[in-house]
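Biologist: Before I rely on terms such as salt bridge or strand pairing, I would like to hear how each one is justified.

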2 protein chains.
Amino acid sequence: MTMIPQKKLTPVSALGEFGLIDRLTSQHKTSNVSSLKGVGDDAAVLHYPHNKILVATDLLVENVHFNLVYSPLKHLGYKSAIVNFSDIYAMNGHPKQITVGLAVSAKYSVEAIDEIYEGIYLACSRYGVDLVGGDTTSSAGGLFISVTVIGEAQDDKIVYRQGASEGDLLFVTGDLGAAYIGLLLLEREKAVYQKDPQMQPDLEGFDYLLERQLKPEARSDIIQLFKEHDILPTAMIDISDGLASEVLHICKNSCLGCQVYEDKIPIDSLTASMAEEFKILPAVAAMNGGEDYELLFTLKPSAYEKIKNLNIATPIGHMTDKKSGVQLVGKSGGVVPIIAQGWDGLKEE
Amino acid sequence: MTMIPQKKLTPVSALGEFGLIDRLTSQHKTSNVSSLKGVGDDAAVLHYPHNKILVATDLLVENVHFNLVYSPLKHLGYKSAIVNFSDIYAMNGHPKQITVGLAVSAKYSVEAIDEIYEGIYLACSRYGVDLVGGDTTSSAGGLFISVTVIGEAQDDKIVYRQGASEGDLLFVTGDLGAAYIGLLLLEREKAVYQKDPQMQPDLEGFDYLLERQLKPEARSDIIQLFKEHDILPTAMIDISDGLASEVLHICKNSCLGCQVYEDKIPIDSLTASMAEEFKILPAVAAMNGGEDYELLFTLKPSAYEKIKNLNIATPIGHMTDKKSGVQLVGKSGGVVPIIAQGWDGLKEE
């Protein structure tokens, strides 16, 4: 559990807006051929003569999406980029550029902002993405990070939420629920710490859960494997709001129903045991937790052979007609309708 | 002077995130051929096979860039789009799509958010831009609007800040300083109102100043005229931070100096008289005020004949070599160096 790291404490006001932008961006060179001009003018200049362009925007807001008591700033920068990359992979595309809108309290040190950007640049470098523009300003109410990602995909390879057909199989990559259980763990230790600052947080052995919450990855590897093995999902979405919410999106957009089998949902053993400690059914953490940034997709049954031996995704159900509804088939065979109860940043708490 | 309009007060929590997004976007149809798919999937899909793509991001943050005591929400939405369009015009391009990141307190009514979006859509419709995506979430610390604009320009028509040469003439469109004087006026009336809420604000006759501050326009007309009359500036920037700051950007990026003549700077008579009432030199309002969203550009002297009779821009100076510095020539002939003292959102107040 760390507080905001402030080693040297150069006030932002010592640099001003343009000095700060220079400091944050002067070291960064663009590397993609589609990035013709990055930071340094009124707009970045890009070129996509052959492929379609994908664009998505996601916000991270202090005390809504993260808490600075336990979110290291570098991780936060990393995550703010990753959650946007994930949206492009969910279209079967490749992220290529981002712009970053950052609003920080004028009381932040330059070094603190450096750490956020270090995380953003680390994510960019790992995923082959260029930072090409943005806006940095002060905030009277906490830290806001807004990232817009631009990516590309071949016209005939773009996968929407709407392409599934009745009988298609439903798959999910990785495992679910860990990010949410990681959040509960951090909240628990925060409460302990706030009650008694002498208490040391007990986070030993929970690395996997903490990383899934604080420093998630986006599934570029899956998109690469789809390409190598000539697999084209019929519909796809990334899991940001929880499995329930994403299944409902695919069903709604494809005008279908779905059956998801509770016992097929992939859940890591540490997630399951900690969920029980929090008195939460592991399946509920998977269905409603969110922030896993795994990919949920549908495939024609004829494509099953192609994916079976790759070990990259778990079949968890199949698409039905719309009238049959969107259902979770419980371990005992009972059936309940799936309702979105995902984390919703707009509900009053 | 209006408070946040809240007619019916439907809490945002009654709709949730997806319900709100549906409400805000379901009526909006995209109209540009480059917008293949708008809101409704993980990413929007665009297509720009022939032209270069321009991308810019600007943030508006409550109590930094606007004050809800005197900023009607619809105007605020309008302005958040306009300031972004202006960045694309400043490259001699045409804005075509935006994504909107909006963080609002959960206490906001749905109708209040509707008003912000009404303003955004009005700007989009006037300027021929499609809203294609975004993110709406709650904020624990005030209202935050992040807009990313995507536009296009022919490769050989893009104008950067860096293209000016020694001897080029410097022009500015419209008039300067009015947005800043409008802000001072609103701040004065806010102070009066806060001291005594019975006092009615005295804003009669100041429409021009108030509109320049609260509901600015971007100079699409100038870009159109450039095209019609085959005028291609050598360098260009929009005036968001004040003339001083923008002149310095062109000089720095073009590795040049500049002489700006104080008596040539176009200032509206109402701006000038109110500036005097605020005991500010009108030229200072123009140089350091900002938010005028006019275009500052340089032209080869040989192009002067083309622009002279169009009456779209005022020549205010000329580019010199770098060693000669960036200078303001006063009305009496005295010369002072131009230093950026523009409004800087990152300086502590």
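Modeller: What follows takes up these terms one by one, for a model that is predicted.

Biologist: What makes the meeting of A:R161 and B:D42 a salt bridge?

Modeller: The rule asks for a side-chain nitrogen of Lys or Arg within 4 Å of a carboxyl oxygen of Asp or Glu, and because the side chains of A:R161 and B:D42 come to 3.3 Å, N to O, the pair satisfies that rule. Across the interface of chain B and chain A the rule finds six salt bridges, and strand β3 (residues 52–61) of chain B supplies the largest share of chain B's side, nine residues.

Biologist: Why are strand β2 of chain A and β3(B) called paired?

Modeller: Pairing requires at least two bridges between the strands; three bridges join β2 (residues 44–46) of chain A to β3(B), so the requirement is met, and the two run antiparallel. One of the bridge partners is B:I53 in β3(B), which is set against A:L46.

Biologist: How do you know what area chain B and chain A bury between them?

Modeller: The figure is the accessible area that the two parts lose on being put together, summed over both, and for chain B and chain A it comes to about 5800 Å², with 57% of it on carbon and sulfur atoms. In terms of residues, 74 of chain B are in contact with 73 of chain A.

Biologist: Why does the radius of gyration of chain A agree with a compact globule?

Modeller: A compact globule of 349 residues would have a radius near 20 Å, and chain A has 21 Å, therefore the two agree.

Notes. Residues numbered from 1 in each chain as written. Chains lettered and ligands numbered in written order. Predicted model: local features only at pLDDT ≥ 70, side-chain atom pairs only at ≥ 80, totals over all residues. Heavy atoms only, no water. Contact = heavy atoms within 4.5 Å. Buried area = accessible area lost by both parts, 1.4 Å probe. Helix = DSSP H or I, 4+ residues; strand = E, 2+ residues; numbered from the N terminus. Rg over C-alpha atoms; globule rule 2.2 N^0.38 Å.
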